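Work through the exercises below with the sequence and the model open. Each task is followed by a solution in steps.

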Amino acid sequence: MKKVTLFILLLSVCLQSVVWAKIWGVKSHDPISQPPATLFCFDEDGSNLSIIGVITLNAEQIDVDGLALSADDVLYGFQVNGTDSRLITLDKATAQATVVGDWLVGKDIRGATIDNLGQL
């Protein structure tokens with residue numbers, strides 16, 4: 001019985017120190033949303049904050065919001081320009097954006113999620 005209890009205690013301690021996910025975020029310029037937008041991440045337990053950098057597209061700083069991470073580890077976001085938005089992907093190592101979709105005129109997209117079927 002003591003061996004089982006010790007094993008459960010050790011397993012519990014080990015599991016408490018395992019980080020299962022990274023949380024990704026973007027911080028845009030205050031007092032209103034505009035470039036520069038900075039990509040960052042941290043472990044789900046709140047540790048290991050990493051500032052990736054200012055998000056750029058073709059070397060130009062852009063405003064970004066609405067991040068979503070796909071099951072295949074692709075980070076999506078929306079470039080925002082006034083009241084228009086377009087879908088982009090973000091390189092998680094460099095904060096470089098790549099355009100994925102056309103401008104959605106009149107759509108100021110500030111949030112996103114990907115469902116269990118992989119649909120944005």
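Strands are DSSP runs of E with at least two residues, numbered from the N terminus. Two strands pair if DSSP finds at least two bridges between them. The model is predicted, so local features need pLDDT of at least 70 and side-chain atom pairs count only at pLDDT 80 or more, while totals for chains, interfaces and linings use all residues. Residues are numbered from 1 along each chain as its sequence is written, and side-chain values use heavy atoms, with hydrogens and water left out.

**Exercise 1.** Find which residue takes a positive phi in the hairpin of strand 7 and strand 8, and trace the bridges of strand 7 on both sides.

Solution.
1. Two residues lie between strand 7 and strand 8, and Gly-82 has a positive phi near 70°.
2. Strand 7 and strand 8 run antiparallel and are joined by seven bridges; in strand 8, Ser-85 is the bridge partner of Val-80.
3. With strand 6, strand 7 pairs in the antiparallel sense over five bridges, and Val-80 in strand 7 is the bridge partner of Asp-63.
4. The hairpin of strand 6 and strand 7 has five residues between the strands, and Asp-73 in its turn has a positive phi of about 70°.
5. Of the seven residues of strand 7, five are buried (under 20% relative accessible area with a 1.4 Å probe, protein chains only).

**Exercise 2.** Explain why strand 1 and strand 3 each have one side without a neighbour in the sheet.

Solution.
1. The open sheet has three strands in the order 1-2-3, with antiparallel pairing.
2. Strand 1 (22-28) and strand 3 (50-54) are at the edges with a single partner strand each, so one side of each has no neighbour in the sheet.
3. Seven bridges pair strand 1 with strand 2 (residues 37-43) in the antiparallel sense, and Val-26 stands opposite Leu-39 in strand 2.

**Exercise 3.** Determine which strand gives the largest share of the largest nonpolar core.

Solution.
1. A nonpolar core is a set of buried Ala, Val, Leu, Ile, Met, Phe, Trp, Tyr and Cys residues joined through side-chain atoms within 4.5 Å.
2. The largest such core has 14 residues, and those with the most contacts inside it include Leu-39, Ile-62 and Leu-90.
3. Strand 2, strand 6 (63-69) and strand 8 (84-90) are the elements that give two or more residues to this core.
4. Strand 2 supplies the largest share, three residues.

Definitions and conventions:
Helices (H or I, at least four residues) and strands (E, at least two) are DSSP runs, numbered from the N terminus. Buried means under 20% relative accessible area, exposed over 50%, partly exposed in between (1.4 Å probe, protein chains only).
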